[in-house]
Amino acid sequence: MKLKDKLGYIPLLIVDGGYNENIYASDGMLLPMVKKENFIIRRDYNKKIIEKFIEKANNLGFIVLNVATEEYDISLQTRINRANVNFSSYNKKYENILKEKLSLYIALQYDPKACTWDDSDNHLTTYYLNSSSQSENLASLINNHLRDFMGFVKPSNNYILKNADMITVLIDASFMDLKKKLNWMRDEDFIEEVSNKILMGCLQYFGIKNIEVISSAEDAIKRDAIIKKLQQKVDNLDKRLLLCEDKITNLNKYINKKL
């Protein structure tokens, strides 16, 4: 069953892997960054997770908008404006659908603590808007799948959460301070797993408990290819039958002549 058939509409997923190259201390002073080869740059981590998430979400039939496609820092305000403008336009298409069920905003943030590799801070936190039960619900559903990464759910008044017009969560990957897990963070299996877990939480928010319920575009392509091959076999069989019929007809004509 396709996503639209299951829900009656196609949800809009807005993703934000934006980053800020500058890290500031509480007094506003710029903190030193460690050398590039010693840590995973935020844009690399965010981008890989977001790209894999987009690939999976598109494959399941979601409409996906990435508000931070540039290779340089995009301000929070710009990203939020992009999200809100597109959501407003999309909402007009589905005015009969509740806003909280029409679109989700998933922001992924790698927030190293000045790259100090603080092993005491090794968790992943999913933040929700503290005045929104729907945002809390989404955060909890995503976190249920991220428990392997010592996940926590916390309320927040973060700028993104407060200013986005749709249900929003912010996933903070501060656990990347662990230097010993650098290779793990770069691993394709890790990227695959994290993106898949976030997507599973989103699916459950829309009431889809089992991903197998939704047929993916990839499945449809494979199915169409199988059908096409079967049709070709049927067509070839028909041609052979026609040839046999022609031979039988010709044989009967030959026999009749001889008789």
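Helices and strands are here DSSP runs, of at least four residues for helices (H or I) and at least two for strands (E), numbered from the N terminus. With that convention, the chain of this predicted model has eight helices and six strands.

**The whole chain.** Begin with the full chain, coloured by secondary structure. Followed from the N terminus, its elements run α-β-α-β-α-β-β-α-β-α-β-α-α-α. The chain comprises 259 residues, of which 41% count as buried. Consider next the contacts between residues at least 6 apart in sequence: 81% of them join residues at least 24 apart.

**Helix 4.** Select residues 133-145, which form helix 4. The end C-alpha atoms of this helix lie 19 Å apart, which agrees with the 18 Å that its 13 residues should span at 1.5 Å a residue. Now display its side chains. Which residues of helix 4 are buried? They are Ser-135, Leu-138, Ala-139, Leu-141, Ile-142, Asn-143 and His-145. To see what covers these buried residues, add strand 3 (103-109), strand 4 (124-129), strand 5 (151-156) and strand 6 (167-172), which are included in the cover together with helix 7.

**Helix 4 against helix 7.** Keep helix 4 in view and select helix 7, residues 188-205. Two packed helices are described by the angle between their axes and the distance between the axes. Here the axes come within 8 Å and cross at roughly 135 degrees. Helix 4 is therefore oblique to helix 7, and the crossing is right-handed.

Show the side chains where the two helices meet. On the helix 4 side, select Gln-134, Asn-137, Leu-138, Leu-141, Ile-142 and His-145. Their counterparts in helix 7 are Lys-197, Ile-198, Met-200, Gly-201, Cys-202, Gln-204 and Tyr-205. By character, the residues of this contact comprise seven nonpolar, five polar and one charged.

**Ile-198.** Finish by centring the view on Ile-198, a residue of helix 7. Is Ile-198 buried or exposed? Its relative accessibility is 3%, so Ile-198 counts as buried, the cut-off being under 20%. Leaving aside residues up to four places away in sequence, Ile-198 touches Ile-49, Phe-53, Ile-106, Ile-142, Leu-146 and Ile-171. One of these, Ile-142, is itself a buried residue of helix 4. For a last step, select Phe-53 with Ile-198: they are 145 residues apart along the chain, and their C-alpha atoms are separated by 7.8 Å.

Methods:
Residues are numbered from 1 along each chain as its sequence is written. This is a predicted model: local features need pLDDT of at least 70, side-chain atom pairs count only at pLDDT 80 or more; totals for chains, interfaces and linings use all residues. Side-chain values use heavy atoms; hydrogens and water are left out. Axes are lines fitted to C-alpha atoms, for helices over the stretch in contact, and angles run from 0 to 180 degrees between N-to-C directions. Angles under 35 degrees count as roughly parallel, over 145 as roughly antiparallel, 65 to 115 as roughly perpendicular and the rest as oblique. A crossing is left-handed if the near helix is turned anticlockwise from the far one by less than a right angle, and right-handed if clockwise. Contact means heavy atoms within 4.5 Å. Ala, Val, Leu, Ile, Met, Phe, Trp, Tyr, Cys and Pro count as nonpolar, Asp, Glu, Lys and Arg as charged, and the others, Gly among them, as polar. The expected span of a helix is 1.5 Å times one less than its number of residues. Buried means under 20% relative accessible area, exposed over 50%, partly exposed in between (1.4 Å probe, protein chains only).
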